[in-house]
Each structure stands twice: as C-alpha cells, then as structure tokens.
Amino acid sequence: MTSRTGRNIEPTAALWAERADLAESAIVTRHLRLLWGIPRTQLGVVGWPPTKRDRAFASWHYWWQAHLVDCCVDAANRAPTPVRRRRIAAIARTMRIRNLRGWTNQYYDDMAWLAIALERAERTQGIAEVRGGLLALDKDLCAGFEPEFGAVPWRKGSDFFNAPANGPVGIAMARLGRYPRAVEIADWLDNTLRDKETGLIFDGIHLPSGEVERPTYSYCQGVVLGLETELAVHTGEPRHAERAARLVFAVEEHMTEGGIVSGGGGGDGGLFNGILVRYLALLAVMLPGDDGDFATARRTAAGIVRRSATAAWENRLEVEGDPLFGPDWRKPARLPGIAGAGRATGSGSVRASRSPERDLSVQLSGWKLMEAAHTVTAAGL
C-alpha cells in the first residue's frame, strides 16, 4: 500500500484479516461441495473450473483436504463463528466417508497432515467428533516408526524416508505429547538430511542403501522449521531453537528473492510454499530465546511472510470479488480454464494443471499466506 505522500504503508492486522476472509470466501464459493449429494457433507473440489470428474470427487487428494481443514481452523481461530466450526467438522467427517477405508491410508505424510489438522480442531475449537480420527491416525503413525533407522518411511513398505513425511509426523507427535519420539525424528532429520553447504533440508534418503534424493523443496524447510520450533518451546533444549534459527537464515538466502518466497507450481507443489510460510509464521511468534540470533530469526521469518503476502495480494486476479492467487507469488495470476486438468500419477503424486491457478492446492497456499500475514502482523512483527 502507498499513502498519498508516496510512502509505503504496511497493511494492518485488520486488513490482513479482511484479505484472509476473502481467500476463505473464494475457496468456499468455488470449491466446497456436497459429497455425492449426502447431507451434512463438504469436501473441496480439486480444480476450478471443475471437470465432471472433479465434481464427482473421482479425484479428491486426501492431503489437500487435510490442508483445507487446517486452513478452516486458521479462520476459526482468528474469528470464531458457528459456521466455521460446523465447516471444520463437516470436512473432516466427509474425508472419512470419501476415503472409504476410514481415516487412514498408506502414506505417512498424508496421515500426519490430517492428524495435525484434527488435533488443532479439537484443541482450539473443541470439535470432539474428530477424536476417533485422531486416535486412529496416531496409532498408525506410531506403528510406522522404524527404530532401525530412527524415522518413518514415506509410505507403508517403502525404502524412502523423507522430510515431507517425517517433518509432519514429528509435529504431530509433539502436539500429541510424544516429545521423545518427536526429538528422535528431529535429530534424524538434522543428522541425515541437512545439506552442510546451504543449511537446507534435502528431500529424503533411501534406506538402507543410503542414496540421498537431493532436491530442497520449500515444504521440506517448512516442516523442519515447525518441528524444531515446537521442540524448542516444549523441551527447552537449546539445539532446537538453534537449528530453527539457522534454517530461517538458509531459507532467506536460498529460497527468497527480494524477501519474497520464490518459485511455485501446481498440483502437489501448489501446497509447498504455503506450508513454508505457515511454519515461518509459527516460528516468528513462538520461537523462544533472547539471544540476538533468535530475535533476528523471528523478524526475518515475519518479514518473509509479510513481503510474500503483499506480493501475492498485489498479483492476485479478482474474480467476482474474490481473489485468485498465482502459483508464483511474484507474478500476476492468470484466469484458468478446464483444459489440461491435473491428474494423480501412478507414483502417488498429483500433476499440476496446465493453468496451476485452477488447482485447489495453489489457492489453499494463498489462503495460508493471508492467515500467516495476519498472525505475524497481529503479533506486532
């Protein structure tokens, strides 16, 4: 924003709240639908404009829906209403129905994301009906830990142990009070997947072969930031705060341009930057420590969130009064069409739509970003 004198004016917490409301409205209006006409259900259609396949929920992408629940919890925590509480419960209930086999699946990252969302829904909004799902997920996540390696695999029976699974599993363990297990996972991530040159976190490692997959995706950084921050707060052990601060500085150096999170895509990748900013905001408001590095890390994390949110908002496309965000927050969003709709691959991932803006994942990241900007601004950062 710019004043009449030409000076830049930082948006207030109230303005970020308005923008978060609009991001929520866009998701609710364009994506939320009844599942198969069943009363009291709601689920997110994975693309807008939707294909017939999308509208029928032939594709539904479990972990995208888990993040939809988490965003709904954000909105309810910021401004509680009965409608928002009912929406959280309805989406969680509908996920169990659409999953056909109950709450769990074969992927530990998927289940961890839903566990995180349900735990927040129960703890912060008092939604008791998610308790059964949380217990089922907790049981599977605990059973998935392999003491031989000190981590969980990406999916059941896999030899691939990665940050996108172990980060959220660690966060879920911490929030469920299983701190020793969360610490084991955090130590494994730091010892096994941290790039000693950049300080960033690699994608994963095949075990027992030891072959490392070296991409450094933004959500790998986000989940480790979240886990180390949780442990810094709840264990008081200095190494967790030190690791979190170090990783913030690595993210600033290697994953931002002009203080704005760089890159971005559609499909599963549409959620990556949103996950990063969620946990940057968490670190900004929660990381303990009076040392200069910790204070600097908190300010740095908040600054990345605010600048990224400002860029995403300025580059949004407005459609019938609600925002449509682009996959790369530094570039103008484009109106998507149905052609080239994204599809699930045989390897367990979801390919981007030709126009990534149509993917629910991209719009959820935009919503996460608006909520994160409100969080840090309301905290005075």
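**Exercise 1. Determine whether Arg 175 is buried or exposed, and describe its surroundings.**

Solution. Arg 175 has a relative accessible area of 17% and is therefore buried; buried means under 20% relative accessible area, exposed over 50% and partly exposed in between, with a 1.4 Å probe and protein chains only. The structure is a predicted model, in which local features need pLDDT of at least 70, side-chain atom pairs count only at pLDDT 80 or more, and totals for chains, interfaces and linings use all residues. Residues are numbered from 1 along each chain as its sequence is written, and side-chain values use heavy atoms, with hydrogens and water left out.

Next, locate the residue: Arg 175 belongs to helix H7 (residues 163-175). Helices (H or I, at least four residues) and strands (E, at least two) are DSSP runs numbered from the N terminus. Finally, list the contacts, meaning heavy atoms within 4.5 Å. Leaving aside residues up to four places away in sequence, Arg 175 touches Ile 116, Glu 119, Arg 120, Arg 123, Glu 230, Tyr 279 and Leu 282.

**Exercise 2. Describe helix H4 by its span and its covering elements.**

Solution. H4 (residues 82-98) has 17 residues and reaches 24 Å from its first C-alpha to its last, close to the 24 Å expected at 1.5 Å a residue. The expected span is 1.5 Å times one less than the number of residues. The buried residues of H4 include Arg 84, Arg 87, Ile 88, Ile 91 and Met 95. Their cover includes helix H1 (13-30), strand E1 (32-33), strand E2 (43-44), helix H3 (62-78) and helix H5 (108-125). After H4 comes Leu 100, with a positive phi near 70 degrees.

**Exercise 3. State which residues touch the most other members of the largest nonpolar core.**

Solution. A nonpolar core is a set of buried Ala, Val, Leu, Ile, Met, Phe, Trp, Tyr and Cys residues joined through side-chain atoms within 4.5 Å. The largest one has 116 residues, and Leu 141, Trp 367 and Met 370 touch the most other members. H3 gives the most to this core, with 11 residues. Trp 367 has contacts that include Ala 20, Ile 27, Leu 68, Cys 71 and Phe 325.

**Exercise 4. Give the strand order of the open three-stranded sheet and the sense of its pairing.**

Solution. The order is E3-E4-E5, with antiparallel pairing. Two strands pair if DSSP finds at least two bridges between them. Strand E3 (160-162) and strand E5 (211-213) are the edges, each pairing on one side only. E3 and strand E4 (residues 204-206) share three bridges, and Phe 161 has Ile 205 as its bridge partner in E4.

**Exercise 5. Locate the cis peptide bonds at Pro 49 and Pro 208, and examine the phi values of Arg 40 and Glu 320.**

Solution. Most residues other than glycine have a negative phi, and most peptide bonds are trans. A cis bond joins Trp 48 and Pro 49, with omega about 0 degrees; Pro 49 lies in the loop between E2 and helix H2 (52-55). The bond from Leu 207 to Pro 208 is also cis, with omega near 15 degrees, and Pro 208 lies in the loop between E4 and E5.

Arg 40 has a positive phi of about 65 degrees, lies in the loop between E1 and E2, and is exposed at 59% relative accessible area. Glu 320 has a positive phi near 50 degrees and is exposed, with a relative accessible area of 79%.
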